[in-house]
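Work through the exercises below with the sequence and the model side by side. Each task is followed by a solution that proceeds in steps.

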Amino acid sequence: MASKGILDRHRIAKTIVAAARTHAREVGERLQEVLASAVAEGETLPDFVTFQHQLARYREARIATIVEADKLQLDELDDDLEPRLRRDQAAEAVYDTLVAIRETLTGPFGAERAAKLLGIDGRTSTDPLTLFHQATLALERLTEDSLVLPPARLQGVQLDLGALAAQLQPALDELGQAVQEVDEEQREGETTIREKDLALDAFDVAVRSVGRIVKAFDELAGFPEFSARIRLTLPARRRQGTTPTEPPPEPSPDGPSGEETPLPDGGEESPPESDGAPSSNLSATVAEELEA
């Protein structure tokens, strides 16, 4: 299902296409008559009938472009669900393991010393990226040959740090792979958003340009009633991280014939709402660490 902004634009463009085609012959032939006096010796007038059909085909091509760009973005969003589910499940496994390790070390050394041993400042995070950093540092500390354990609070306590590390390693590896996969999906999603924005920019320019040409032809040919039926107002747009603009008011039905509300030149399409996934620059940092 296409997004509302795409459906609204599709409707507006189809109206312009229909207007150009329906009145192409009537308007085109009248233009030939109106402009005949401006033709110099050796010149010929354009075929205004054919030209209006060409404008209609151009509008249809722009419609197809934004529909395809919107579909690609929506498909990409659907593809993101499974990787993020796997990431969250992997993060849960790492969280449980890291908490258990902290509890194991808290018994003989106390909570403060246990946290210092693992290099963790504060609580164990539930955010996948922060948790990945905490668990990576904890694994490094557990496997350091130079790590010296403080005196235990009770005698006779034996700890196998290698065994603790061995339990954390596979869960951390799985989380790292899942984080990379989500990062790749997010990069692909950002690419489809940019491509959709470019398609919408080109579409809006075409609506303004072609729509005004058709309206001008109608008026110049002496058919203001045709021009008055064409509405060029586009829905407001916004890009990710910006404040949506207010949509311009619709033209008054009682206004002068052919009058229109100006098209928003800087409006932008609303992107899909964020699902709380980490930003790509943070994900990229983790990916670089994994590749190092």
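A residue is called buried when its relative accessible area is under 20%, exposed when that area is over 50%, and partly exposed in between, with a 1.4 Å probe and protein chains only. The model is a predicted one, in which local features need pLDDT of at least 70 and side-chain atom pairs count only at pLDDT 80 or more, while totals for chains, interfaces and linings use all residues. Residues are numbered from 1 along each chain as its sequence is written, and side-chain values use heavy atoms, with hydrogens and water left out.

**Exercise 1. Place S227 in the chain and decide whether S227 is buried or exposed.**

Solution. Begin with the secondary structure, where helices (H or I, at least four residues) and strands (E, at least two) are DSSP runs numbered from the N terminus. On this basis S227 belongs to helix 7, which covers residues 224-228. Next take the accessibility: S227 has a relative value of 0% and therefore counts as buried. Finally, look for a partner in space: the C-alpha atoms of S227 and A216 are 7.5 Å apart, with their positions eleven residues apart along the chain.

**Exercise 2. Describe the overall make-up of the protein chain.**

Solution. Counting the elements gives eight helices and zero strands, and reading along the sequence gives the pattern α-α-α-α-α-α-α-α. Of the 292 residues in the protein chain, 40% are buried. For the contacts (heavy atoms within 4.5 Å), consider those with a separation of 6 or more: 78% of them join residues 24 or more positions apart.

**Exercise 3. Which residues does I16 touch, not counting residues up to four places away in sequence?**

Solution. First locate I16, which sits in helix 1 (residues 4-22) and, because its relative accessibility is 0%, counts as buried. Then list the partners, which are V207, V210, G211, V214, I230 and L232. As a separate check on distance, I16 and A56 are 40 residues apart in sequence, yet their C-alpha atoms are 7.6 Å apart in space.

**Exercise 4. Describe the surroundings of L118, and then the largest nonpolar core.**

Solution. L118 is found in helix 4 (residues 111-118), and its relative accessibility of 0% is why L118 counts as buried. Leaving aside neighbours within four places in sequence, L118 is in contact with I101, R102, L105, L137, A138, R141 and L142. For one of these, R102, the C-alpha to C-alpha distance from L118 is 7.9 Å at a sequence separation of 16 residues.

The second step needs the term nonpolar core, a set of buried Ala, Val, Leu, Ile, Met, Phe, Trp, Tyr and Cys residues joined through side-chain atoms within 4.5 Å. The largest such core has 27 residues, of which L105 and L168 touch the most other members. Helix 3 (48-109), helix 4, helix 5 (128-142) and helix 6 (161-220) each supply at least two residues of this core, and the largest share, eight residues, comes from helix 6. Apart from this core lies another of 21 residues, including V17, A19, L55 and L232.

**Exercise 5. How do helix 3 and helix 6 cross, and what kinds of residues make up their contact?**

Solution. Axes are lines fitted to C-alpha atoms, for helices over the stretch in contact, and angles run from 0 to 180 degrees between N-to-C directions. The axes of helix 3 and helix 6 come within 6 Å and cross at roughly 165°. Angles under 35 degrees count as roughly parallel, over 145 as roughly antiparallel, 65 to 115 as roughly perpendicular and the rest as oblique, and helix 3 is therefore roughly antiparallel to helix 6. To sort the contact residues, count Ala, Val, Leu, Ile, Met, Phe, Trp, Tyr, Cys and Pro as nonpolar, Asp, Glu, Lys and Arg as charged, and the others, Gly among them, as polar. The contact of helix 3 with helix 6 then divides into 36 nonpolar, nine polar and 15 charged residues.

**Exercise 6. Classify the angle between helix 3 and helix 5.**

Solution. The two axes come within 10 Å and cross at roughly 40°, which means that helix 3 is oblique to helix 5. In this pair R87, D88, A91, V94, Y95, L98 and I101 of helix 3 meet P128, L131, Q134, A135, A138 and L142 of helix 5, and these residues divide into ten nonpolar, one polar and two charged.
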